[in-house]
Amino acid sequence: MQIMRNRPEAYSRKRGRKFSTSRRNLHMATWEGVPATIFQVLLQGPFLTGFLLYLGASSGQIGFVIALTTLVNVAQVGVAFLIQRLPSRKWALVTFVGLHRLLWSSTGLVPFLFPRPLWVTAFITLYALAFTANTAGAVLWSSVISDLVPPRVRGRYFGIRNTLLNALGSLVLYGGGVVLDHYPGGQGFLILYIVVWIFSTANIVVFFFYPDVPFEKSDERKFVPMFKKPLHDGLFMKSTLFLSLWLLLQNVTVPLYSYVMLQLLHINYQTLSLLNVFQTLFMMASFYFWGNLNAKYSNKLLLFWTLPIIAVSSLLWGLLSVFPALLVLVAVHIVFGVGVGGFNQLAFNFIIGDTPKKERPMYMAMYAALTGLASFFGPLVGGKVYEWIEEWPHWVQVYGMQLIIGGLMIVLIMLLGRRILKDV
């Protein structure tokens, strides 16, 4: 009888330890996102475009740089196979994440280390190397975080994490815009990069405390059979190919919004930052909205309903012909924030929730590779088109492209989206 009484207590204590470890891991993953958010916000979006313009980049070169981050995702297929041979994911994760952070933040040294004619070339070289390292780091992090977060709390956890980090990102975004308006040119970017160097280093340090969670590996040991697993999953491949086509269209214009506003509409950095803050705030609000709907409806069905919202945000640019620019741009960023917030969250849930656990790294890599290729060609095409239409009427350059892309998005939703994503 004494033994029987002790067993439940031991089991309870054991459960308590497991729960405590799980909570510590989730807190670690959340806190890791704080320095990551701070330095990443200051190195991308309007600040990336602004820094490239300061270095002397053309719209085509800006489009190429933006596209580079997704092109290298193709290599994730090979990484997904190679990580199956790792005895531990943690130190590989620390290594590649560290390389990415160091190389990306070193782009701020370009004006100090190279003559002016080489600034853009040097930036592109460092940027490409950084995101090549990030290819491995992204696969490893996605694999670790999917094992780290228990399925029963996954939706709630990522909703809270995304909300907190996006709130922080909004503050950093606005602060960065204020700095660049008060200290234009090289001085402002130097201040931003000092902040970047501090928090990118802090982010690397936090990864040393990441847990080394057990890795449930694929049953396949050879590359070709493992590679074929997602290819033979018809529902997964149809959805992924459709989303790739969608992202190709979306990225023809969206990544170049900052270029249009800075270069063609002559909006200052503070206003541009505020617009992005509006977008982020509504994106945060949408996490709760889409998360609640996700408890009732499937990832794919809700993913479908984010698409018309994104298309409408592109079409809203046409209102610049009749309404004040600031009013229209606020509306564009709000609607886009609601749509893209749901899209990103539901696409991630689709990949880590609707795919087999043992094969998940290869599924994630396949999704990243296909959508990465599409997202690469989008900004590249968009940047080149803006160069071609440089002598065209001003309205064509400012909102003509967005109207065409928005219309094509609606056609794509009606022809393919309804059949592939919407549950019947």
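Colleague: Hello! How do you know that E387 forms a salt bridge with K384?

Modeller: Keep in mind that this is a predicted model. The closest N and O atoms of E387 and K384 are 3.6 Å apart. The cut-off between a Lys or Arg nitrogen and an Asp or Glu carboxyl oxygen is 4 Å, so a pair at 3.6 Å qualifies. Side chains of opposite charge can pair when their charged atoms come close.

Colleague: Where do E387 and K384 lie?

Modeller: Both belong to helix α16, residues 360-388, and they are three residues apart, about one turn of the helix.

Colleague: Why is E387 called partly exposed?

Modeller: Its relative accessibility is 27%. Buried needs a value under 20% and exposed one over 50%, so E387 falls in between. K384, at 38%, is partly exposed by the same reasoning.

Colleague: How many salt bridges does a search of the whole structure find?

Modeller: The search finds two. Besides the pair in α16, R161 and E32 meet through their side chains, with 3.4 Å from N to O. That distance is within 4 Å, so this pair counts as well.

Colleague: What does the pair of R161 and E32 link?

Modeller: It joins distant parts of the chain. R161 sits in helix α8 and E32 in helix α1 (residues 2-41), with their positions 129 residues apart in the sequence.

Colleague: Is R161 buried or exposed, and how do you know?

Modeller: R161 has a relative accessibility of 9%, and under 20% means buried, so R161 is buried. E32 has a relative accessible area of 3%, and therefore it is buried too.

Colleague: Let's turn to the domains. What does the domain assignment give?

Modeller: It gives domain 1, residues 22-211, and domain 2, residues 221-423. Their C-alpha centres lie 20 Å apart.

Colleague: How many residues of domain 1 are in contact with domain 2?

Modeller: There are 47 residues of domain 1 in contact with 47 of domain 2. Between them about 3900 Å² is buried, and carbon and sulfur atoms give 72% of that area. On the domain 1 side, S59, V77 and F81 supply 14% of the area buried against domain 2, more than any other three residues.

Colleague: How many salt bridges does the rule find across the interface of domain 1 and domain 2?

Modeller: Zero. There are seven residue pairs in polar contact between the two domains, however, with both residues at pLDDT 80 or more. The elements giving two or more residues to the side of domain 1 that touches domain 2 include α2, α3 and α4, and α8 gives the largest share, 14 residues. By class, that side has 22 nonpolar, 21 polar and four charged residues.

Colleague: What makes α2 largely enclosed by the rest of the structure?

Modeller: Eight of its 10 residues are buried, so α2 is largely enclosed. Among the buried ones are P46, F47, L48 and F51. After the helix comes G56, with a positive phi near 100°.

Colleague: Why is S200 called buried?

Modeller: S200 has a relative accessible area of 3%, and the limit is 20%, so S200 counts as buried. It is part of helix α9, residues 186-207. Setting aside residues up to four places away in sequence, S200 touches F39, R101 and S105. Its side chain also reaches the backbone oxygen of W197 at 3.3 Å.

Colleague: How do you know that H100 counts as buried?

Modeller: The relative accessibility of H100 is 2%, which is under 20%, so the label buried applies. H100 is found in helix α5, residues 90-105. Beyond its neighbours within four places in sequence, its contacts are A130, F131, A133 and N134.

Colleague: One last residue. Why is M237 called buried?

Modeller: Its relative accessible area is 12%, again under 20%, so M237 is buried. M237 lies in helix α11, residues 234-253. Leaving aside neighbours within four places in sequence, M237 is in contact with P230, L231, M366 and L370. The C-alpha atoms of M237 and Y363 are 9.6 Å from each other, although these residues are 126 apart along the chain.

Conventions. Residues numbered from 1 in each chain as written. Predicted model: local features only at pLDDT ≥ 70, side-chain atom pairs only at ≥ 80, totals over all residues. Heavy atoms only, no water. Domains from an automatic or database assignment. Contact = heavy atoms within 4.5 Å. Buried area = accessible area lost by both parts, 1.4 Å probe. Polar contact = N/O pair within 3.5 Å; in protein donor to acceptor, adjacent residues only side chain to side chain. Helix = DSSP H or I, 4+ residues; strand = E, 2+ residues; numbered from the N terminus. Nonpolar A, V, L, I, M, F, W, Y, C, P; charged D, E, K, R; others polar. Buried < 20%, exposed > 50% of the residue type's maximum accessible area, 1.4 Å probe, protein only.
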